[in-house]
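Biologist: I am new to this structure and would love a close look at one part of it, the surroundings of the ligand. Could you take me through that part slowly, and then show me what lies around it?

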Amino acid sequence: MTAADKQGRTILFHSPGSDKAWPVEIQKAFPAFKVCTQFADAEPGDVVAAVVWNPPPGMLEALPNLRLIQVVGAGVDKLLSNHLPEGVPIARLVDPGLVARMTEYVLMHSLALHRQMPDLQRAQRERRWTYLHPTPPKRTCVGILGLGVLGMNCARSLSSVGFTVVGWSKSRKEELDFPCYAGPAELDQFKQQADIIVLLLPLTEETENLVDENFLATVKKGAALINVGRGKLVVDNALIEALDAGLLRHAILDVFRTEPLPVDHPFWDHPKITVTPHNSSSTHPATALNQVVGNIRRALAGEPPQNQVDPARGY
Ligand SMILES: NC(=O)c1ccc[n+]([C@@H]2O[C@H](COP(=O)([O-])OP(=O)(O)OC[C@H]3O[C@@H](n4cnc5c(N)ncnc54)[C@H](OP(=O)(O)O)[C@@H]3O)[C@@H](O)[C@H]2O)c1
């Protein structure tokens with residue numbers, strides 16, 4: 001009898017909004033296992049791996065022989081706010097498809113902001129012929145808050161089309177070909193340079209409400225903001241006040257405190273806000289399945305998963 005024979009034979013896939021190919025492909029990779037998409041169909045003691053996105057509270061705690069919690073996404077803030085079984089490793093996805101789609105989104109909106117598209121669109125709506133002189137991207141500095149998997153790829157792509165780039169992260173990054181600042185003490189230096197601020201931070205105790213009144217009071221005058229991290233990084237009222245006061249010229253928002261964004265939320269029809277429905281990027285089995293399958297195999301072999309999350313750090 002092998003080690004795998006002694007352990008459970010069920011893989012739970014709980015991510016109701018995800019591509020339906022996920023459980024099918026996982027089943028193909030593990031033909032000797034039962035892949036359940038409903039918690040009610042699984043025998044809790046038989047579940048060895050749970051592949052999840054925002055599972056209901058208590059679900060994972062009810063699985064006594066769990067060896068792996070694999071998140072089908074990059075952010076783990078909601079998962080970590082759940083009660084989780086102690087000692088079970090949590091892995092996030094590093095999906096090349098997700099990275100590529102996010103990079104497209106940040107690049108597309110950075111170019112649109114650089115080329116003053118919000119002003120041109122406003123002028124068109126008002127039938128005003130407003131000539132705005134185009135300038136090279138080098139004159140626009142895009143500042144990226146969060147130089148992880150996503151932020152770093154965005155930085156490279158923005159640099160490759162000619163933007164000036166600066167970055168900020170928790171730990172210092174060495175040997176980058178753009179300036180990088182680290183920690184709260186260097187945040188002001190970062191802000192003094194960024195014409196477009198991109199939020200690609202995880203939501204943690206340290207980053208929640210980072211973009212508040214104080215933060216916005218010291219951005220470069222007329223800077224723009226792109227939030228693709230999490231809604232709770234930004235204090236909504238402070239953002240609206242900064243836009244109304246002209247401290248910020250425009251905000252592109254893909255993530256919100258409450259999703260879907262409530263119909264009566266002032267962001268919807270604010271003239272200086274662009275809303276997208278948390279679709280800047282997404283995960284697909286075609287580019288992420290190998291990693292999930294690999295991590296389940298590692299868990300079955302008693303090995304730690306790739307891209308393990310540190311719950312104490314929060315990401
Ligand atoms: N809108 C969407 O559809 C979408 C899709 C995917 C992800 N996201 C969001 O994007 C976030 C980032 O994803 P990722 O894969 O790039 O994450 P990641 O690889 O874990 O990188 C996170 C980055 O944030 C930095 N950071 C964390 N806490 C910080 C703090 N207190 N001060 C300064 N920097 C801090 C980290 O610094 P160190 O490098 O020093 O650790 C790291 O550079 C996710 O957590 C998720 O919330 C959104």
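Modeller: Happy to. In this predicted model, the ligand is surrounded by 30 residues, and the closest are Arg92, Ser171, Lys173, Glu206 and Tyr315. By kind, the residues of this shell divide into 13 nonpolar, ten polar and seven charged. Three elements give two or more residues each to the shell around the ligand: the helices α4 (96-114) and α6 (149-160), and the strand β7, which runs over residues 164-169.

Let us look at some polar contacts with the ligand. Tyrosine 315, one of the closest residues, has an N or O atom in its side chain 2.6 Å from an oxygen atom of the ligand. With leucine 147 the partner is in the backbone: a polar backbone atom of this residue is 2.9 Å from a ligand oxygen. Histidine 278 uses its side chain, where a polar atom lies 3.3 Å from an oxygen atom of the ligand. As for cover, the ligand on its own has 940 Å² of accessible area, and the protein covers 92% of it.

Now let us follow the elements of the shell outwards. Helix α4, which gives residues to the shell, also holds serine 110. Serine 110 counts as buried because its relative accessibility is 0%. Leaving out residues up to four places away in sequence, serine 110 touches Val142, Leu158, Phe163, Ile196 and Ile226.

Strand β7 leads elsewhere, to the largest nonpolar core, which has 33 residues. Besides β7, the elements that each supply at least two residues of this core include β6 (141-145), α7 (187-193), β9 (196-199) and β11 (248-253). Helix α9 gives the most, with five residues. The residues with the most contacts inside the core are Leu145, Phe190, Phe215, Leu239 and Leu248. Take leucine 145 as an example: beyond its neighbours within four places in sequence, it is in contact with Trp168, Leu187, Phe190, Ile197, Val198, Leu199, Leu200, Leu201, Leu210 and Phe215. Another core, of 26 residues, lies apart from the largest one, and Val99, Met102, Met152 and Leu200 are among its members. As background, nonpolar side chains tend to be buried together in soluble globular proteins.

Next come some places in the loops and after the last helix named here. Threonine 283 sits in the loop between β12 (273-275) and α10 (285-300). This threonine is buried because its relative accessible area is 17%, and the cut-off for buried is under 20%. Its contacts, not counting residues up to four places away in sequence, are Trp22, Val72, Gly73, Leu93, Asp95, Leu98 and Ala288. In the segment after α10 you will find proline 311. Proline 311 and leucine 79 are 232 residues apart in sequence, yet their C-alpha atoms are 9.8 Å apart in space. Proline 311 also touches Leu80 and Ile90, again not counting residues up to four places away.

Glycine 45 offers another pairing of this kind, in the loop between β2 (34-36) and β3. Glycine 45 is 20 residues from asparagine 65 in sequence and 5.7 Å from it in space, C-alpha to C-alpha. Among residues beyond four places in sequence, glycine 45 touches Pro64 and Asn65. With a relative accessible area of 28%, glycine 45 is partly exposed.

Finally, a few backbone details are worth a look. Most residues other than glycine have a negative phi, and most peptide bonds are trans. Asparagine 54 is not a glycine, but its phi is positive, about 45°. You can find asparagine 54 in the loop between β3 (47-52) and β4 (68-71), and it counts as partly exposed at 32% relative accessibility. Arginine 127 has a positive phi too, near 55°. Arginine 127 belongs to the loop between α5 (117-125) and β6, and it counts as exposed because its relative accessibility is 81%. The peptide bond from glutamate 259 to proline 260 is cis, with omega near -5°. Proline 260 lies in the loop between β11 and β12.

Note on methods
Residues are numbered from 1 along each chain as its sequence is written. This is a predicted model: local features need pLDDT of at least 70, side-chain atom pairs count only at pLDDT 80 or more; totals for chains, interfaces and linings use all residues. Side-chain values use heavy atoms; hydrogens and water are left out. A nonpolar core is a set of buried Ala, Val, Leu, Ile, Met, Phe, Trp, Tyr and Cys residues joined through side-chain atoms within 4.5 Å. Buried means under 20% relative accessible area, exposed over 50%, partly exposed in between (1.4 Å probe, protein chains only). Helices (H or I, at least four residues) and strands (E, at least two) are DSSP runs, numbered from the N terminus. Contact means heavy atoms within 4.5 Å. A residue is near a molecule or strand if one of its heavy atoms lies within 4 Å of it. A polar contact is a pair of N or O atoms within 3.5 Å; within protein, one must be able to donate a hydrogen and the other to accept it, and residues adjacent in sequence count only if both atoms are side-chain atoms. Accessible areas come from the Shrake-Rupley method with a 1.4 Å probe; for residues, only the protein chains shown count as cover. Ala, Val, Leu, Ile, Met, Phe, Trp, Tyr, Cys and Pro count as nonpolar, Asp, Glu, Lys and Arg as charged, and the others, Gly among them, as polar.
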